[in-house]
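Please walk me through this structure, from the whole chain down to individual residues. Give the cut-offs behind each term as it comes up.

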Amino acid sequence: MMPHRRARGPGGAVGPRRPAGRGSALGGDLVAIIGVLQYNQWFTKFSTKDYKLGAWRSDFAIKLAGALLHNPACSLHTLSLANNPLEDKGVCALSAQLAKLPLGLKHLNLSKNSLSAKGVNTLCMALCANPAASSTLTHLDLSANTLRGDELPNLHNFLSQPNCLETLDLSSSDCALEQVCASLLKGSLKYLKVLNMSKTAFSHRRSKEVPPTFKQFFSSAKALKSVNLSGTRLPLEALKSLLLGLGCNPNLSEVSLDLSCCLDLDLGTLLVWLARNRSIQHLALGKNFSNIKSKNVSLVLDGLVHMIQEEESPLTSLSLADSRLKAELSVVLNALGGNSSLTRLDVSGNAMGDLGAKMLAKALQINTKLRNFTIRFMPIPIVDAAQALKTSPEKTEDALMKVRPQTLRPQTLRPSDLRPSDPQTSDPQTLRPSDPQTLRPSDLASDPQTLRPSDPQTLRPSDPQTSDPQTLRPSDPQTSDPQTLRPQTLPCSLYRQYSRLLPNLYHLRAPGGLGPCTGAIQDTLQVMAGELALVVDQQLQVLLSCMVDTAEGVCPHVMRRRSLREELEEACGDR
């Protein structure tokens, strides 16, 4: 039986390590875990997300419910069973015990559980019956289950009661958007921040009249930050009500709105309404251009340009992903030079070609606020480089030296490293280590051709203009503080110098190599290797001591024998 105490932090999480074999009645890990849950009072989180349950599916939920039944003092507050076909049978058995949890749940994820309206109604009835649920449950995910709005009275009843939900995810289901909003209007206005209703339905789509509660919810929400309606086909009147509600709500700002693949037509009218809205800061409009006639695409893009070029535009993030605009995208890219608010732009999946790439490059040279964080995992242009090497090999090499750090920059720099308020960061050439004379391990990690020192201390050439190996010496130990190591972009000259250093060293030590500094470099490397070994040994000793201390705290009865600690340390030290 496990120690009866509450977990501290992430240590209270429990979950299986590997899937059960096909055809097994119950996975070995889960048998032990469920057995422990019958007595344990300090596990707070339980997750079988993406666990392959094999043939026993709902039986697992029934076993879990049985464990909770035998443990009235259970402290579980986070339950994630996503992507497991528990079906209605299993969730109904589990719901009976969720209604009795003394502390209630904070996080419940039953996404992709093969549930129908029956299972969800039983679950929500249990949540309503638990007096703690309304004040504890902050995250509810029922996405990717087969649900229908008119068959979910208990779900709407729970959402209508005062609750503290912060995140609600009903995406990829048949839930009716306007019915969910009507329920949230009654009980979920104060705390709800994230509403994900992507790929759901709007049952009044064929009707010109939109329920007034739809607009009232968006105009009354107190904390809403993210609304995802991508893939939910909305009539024009519903979009108008949505935008008017957000626009007249004084409580909202910096809202993220995803309207990807929502419209059949009349995107131009939508852009007019969006331009007047001051609460939307992040906007996604991808996959909405396919149904627009080719002669009208330019008019729609002109409206989009007008919206992003407004001086007081609140937009800081715009996504036009997967819109297949091709050459038409150049209209938007050309307008980026005059934009002063956007900091993020996603134009992936538009097949913009070489012309679009040139337009984007020009815009990024002019625009000092747009940060190209969406340019990720950009490969070196091998084909173009191969052609250029035939005519101008030296210029091509210099160009590649400049391009490579820039393609790595979006992966290594954090958003906090680039602050719009600091004009020094607007020029990529200013992104250098604080000491350009110092070579840091994190600087070298971006290129496998560069030298990786074997010591926390850095290698610093006494003269940055020369690559003579004689000048290499260990730097001041004060510069080796691991807290100061940050991914940075090397200046082009230093980058070229360091990338050629390792081949030079190999040449000096090659058979027959008679370099004048061979002995000095070998001695330096040996000293560094010895110092590194000492540092590693010290770190391992500290880690071993911490592990034994943790074992004594978690298993005091097992560790009470006095000589056991010394035996463990001696055995591990020999290894």
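Of the 575 residues of the chain, 43% count as buried, where buried means under 20% relative accessible area, exposed over 50% and partly exposed in between, computed with a 1.4 Å probe on protein chains only. The model is a predicted one, in which local features need pLDDT of at least 70 and side-chain atom pairs count only at pLDDT 80 or more, while totals for chains, interfaces and linings use all residues. Residues are numbered from 1 along each chain as its sequence is written, and side-chain values use heavy atoms, with hydrogens and water left out.

The chain holds 20 helices and 14 strands; these are DSSP runs numbered from the N terminus, with helices being H or I of at least four residues and strands E of at least two. Among contacts between residues at least 6 apart in sequence, 79% join residues at least 24 apart, a contact being heavy atoms within 4.5 Å.

The interior comes next. In soluble globular proteins, nonpolar side chains tend to be buried together. Here the largest nonpolar core has 110 residues, a nonpolar core being a set of buried Ala, Val, Leu, Ile, Met, Phe, Trp, Tyr and Cys residues joined through side-chain atoms within 4.5 Å. The members that touch the most other members are Phe46, Leu168, Phe217, Leu224, Leu270 and Leu304. Helix α11, residues 294-308, gives the most to this core, with 7 residues.

Two of these core residues recur below. Leu270 belongs to the contact between helices α9 and α10, and Phe217 belongs to a cluster of rings.

Helix α9 (residues 236-247) and α10 have axes that come within 10 Å and cross at roughly 5°; axes are lines fitted to C-alpha atoms, for helices over the stretch in contact, and angles run from 0 to 180 degrees between N-to-C directions. The two helices are therefore roughly parallel, since angles under 35 degrees count as roughly parallel, over 145 as roughly antiparallel, 65 to 115 as roughly perpendicular and the rest as oblique. Leu236, Leu239, Lys240 and Leu243 of α9 meet Leu270, Trp273 and Leu274 of α10. By class, the residues of this contact are 6 nonpolar, no polar and 1 charged. In this classification Ala, Val, Leu, Ile, Met, Phe, Trp, Tyr, Cys and Pro count as nonpolar, Asp, Glu, Lys and Arg as charged, and the others, Gly among them, as polar.

Asparagine 277 sits in the loop between α10 (267-276) and β10 (280-284). With a relative accessible area of 4%, asparagine 277 is buried. Leaving aside residues up to four places away in sequence, asparagine 277 touches Leu243, Leu246, Gly247 and Pro314.

A second helix pair is formed by α3 and helix α4 (residues 117-129), which pack at an angle of about 5° with their axes 8 Å apart. These helices are therefore also roughly parallel to each other. On the α3 side the contact uses Asp88, Val91, Cys92, Ser95 and Leu98, and on the α4 side Lys118, Gly119, Thr122, Leu123 and Ala126. The residues of this contact divide into 5 nonpolar, 3 polar and 2 charged.

Glutamate 87 lies in helix α3, which covers residues 87-98. Glutamate 87 has a positive phi of about 65° although it is not a glycine, and its relative accessible area of 31% makes it partly exposed. Another positive phi outside glycine is that of lysine 326, near 55°. Lysine 326 is in the loop between β11 (317-319) and α12 (330-335) and is partly exposed at 47%.

Aspartate 59, in helix α2 (residues 57-69), is partly exposed at 37% relative accessibility. The C-alpha atoms of aspartate 59 and lysine 89 are separated by 8.6 Å, with the two positions 30 residues apart along the chain counted as their separation.

The last topic is the aromatic rings. A pair of aromatic rings is described by the distance of the centres and the angle of the planes. Rings of Phe, Tyr and Trp (its six-membered ring) pair if their centres lie within 6.5 Å, and planes under 30 degrees apart count as stacked, over 60 as edge-to-face and the rest as tilted. The count comes to 5 aromatic pairs. Tryptophan 42 and phenylalanine 43 have ring centres 4.9 Å apart and planes at 35°, so this pair is tilted. Tryptophan 42 is buried at 11% relative accessibility, and phenylalanine 43 is buried at 11%. Phenylalanine 217 and phenylalanine 218 form an edge-to-face pair, 5.0 Å centre to centre with 70° between the planes, and both are buried. Ring pairs link Phe202, Phe214, Phe217 and Phe218 into a cluster.
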